[in-house]
Amino acid sequence: MFDRLSAYAPQALAVLRIVTALLFIAHGTQKLLGFPAAEFAPPMFSIFWFAGVIEIVTGILVAIGLFTRPAAFLASGTMAVAYWMAHAPANFFPTNNGGDAAILFCFVFLYLVFAGPGAWSVDKK
């Protein structure tokens, strides 16, 4: 059974890549475009504004599978910085400081740096 499931590993990786990227894009559009509705709109050229730009651009690249590894590396680093700057000072526990999504994004993107895009990508060889 596991051998049959392993045959679909590239497609499962692609689904993980695409869904993660779409969620990441939503975080960026929330910051920059106010969609989905948000109470926080960062000032232009602030660190949060740049984070939104990175979330949208790297999210699009990762979603389509173009420059996946470098885009995922930048996205992973952005989320590590976001966690340590914005979330960790508030509370030690990620579930209490709201940083659990940042940690998950960081490590899923870091995994994509090493695993590559999987199936259904522009960069697929």
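Hi everyone, let's start with one residue: Thr29 is buried, with a relative accessible area of 16%, since anything under 20% counts as buried. Before I go on, please keep in mind that this is a predicted model.

So where does Thr29 sit? Thr29 is part of helix 2. Its side chain reaches back to the backbone oxygen of Ala26, at 3.1 Å. If we set aside the neighbours within four places in sequence, Thr29 is in contact with Gly34, Phe35, Pro36 and Ile56.

Staying in helix 2, have a look at Lys31, which is found there as well. Which side chain does the side chain of Lys31 make a polar contact with? The partner is Glu55, and the distance is 2.9 Å. Again leaving out neighbours within four places in sequence, Lys31 touches Phe40, Ala41, Pro42, Phe48, Gly52 and Glu55. Hold on to Glu55, please, as we will meet it again.

One more residue of helix 2 is Leu13. Is Leu13 buried or exposed? Leu13 is buried, because its relative accessible area is 12% and the cut-off for buried is under 20%. Not counting residues up to four places away in sequence, Leu13 touches Tyr111, Leu112, Ala115, Gly116, Pro117 and Gly118. For a sense of distance, take Val57: it is 44 residues from Leu13 along the chain, and their C-alpha atoms are separated by 20 Å.

Now let's turn to how the helices pack. Two packed helices are described by the angle between their axes and the distance between the axes.

First up is helix 2, residues 9-33, with helix 6, residues 100-115. They pack at an angle of about 135°, and their axes are 11 Å apart. That angle makes helix 2 oblique to helix 6. The crossing of these two helices is left-handed. On the helix 2 side, the contact is made by Leu13, Leu16, Arg17, Thr20, Leu23, Phe24 and His27. Helix 6 contributes Phe105, Val108, Phe109, Tyr111, Leu112 and Ala115. Sorted by type, the residues of this contact are 10 nonpolar, 2 polar and 1 charged.

Helix 6 also packs with helix 4, residues 68-87. Here the angle is about 155° and the axes are 8 Å apart. So helix 4 is roughly antiparallel to helix 6. This crossing, too, is left-handed. Among the helix 4 residues in the contact are Arg69, Phe73, Met79 and Tyr83, and from helix 6 the contact includes Ile103, Cys106, Leu110 and Phe114. How many residues of this contact are nonpolar? The count is 16 nonpolar, along with 2 polar and 1 charged.

Our last pair is helix 3, residues 47-64, with helix 4. Their axes come within 9 Å and cross at roughly 150°. Helix 3 and helix 4 are therefore roughly antiparallel to each other, and their crossing is left-handed. And here is Glu55 again: in helix 3, Ile47, Ile54, Glu55, Thr58, Leu61 and Val62 meet residues of helix 4. Those partners are Thr68, Ala71, Ala72, Leu74, Ala75, Thr78, Met79 and Met85. By type, this contact divides into 10 nonpolar residues, 3 polar and 1 charged.

To tie it together, the side chain of Glu55 makes its polar contact with Lys31, and Glu55 is also one of the helix 3 residues that meet helix 4. Thanks for listening!

Conventions: Residues numbered from 1 in each chain as written. Predicted model: local features only at pLDDT ≥ 70, side-chain atom pairs only at ≥ 80, totals over all residues. Heavy atoms only, no water. Axes fitted to C-alpha atoms, helices over the stretch in contact; angles between N-to-C directions. Parallel < 35°, antiparallel > 145°, perpendicular 65-115°, else oblique. Left-handed = near helix turned anticlockwise from the far one by under 90°. Contact = heavy atoms within 4.5 Å. Nonpolar A, V, L, I, M, F, W, Y, C, P; charged D, E, K, R; others polar. Buried < 20%, exposed > 50% of the residue type's maximum accessible area, 1.4 Å probe, protein only. Polar contact = N/O pair within 3.5 Å; in protein donor to acceptor, adjacent residues only side chain to side chain.
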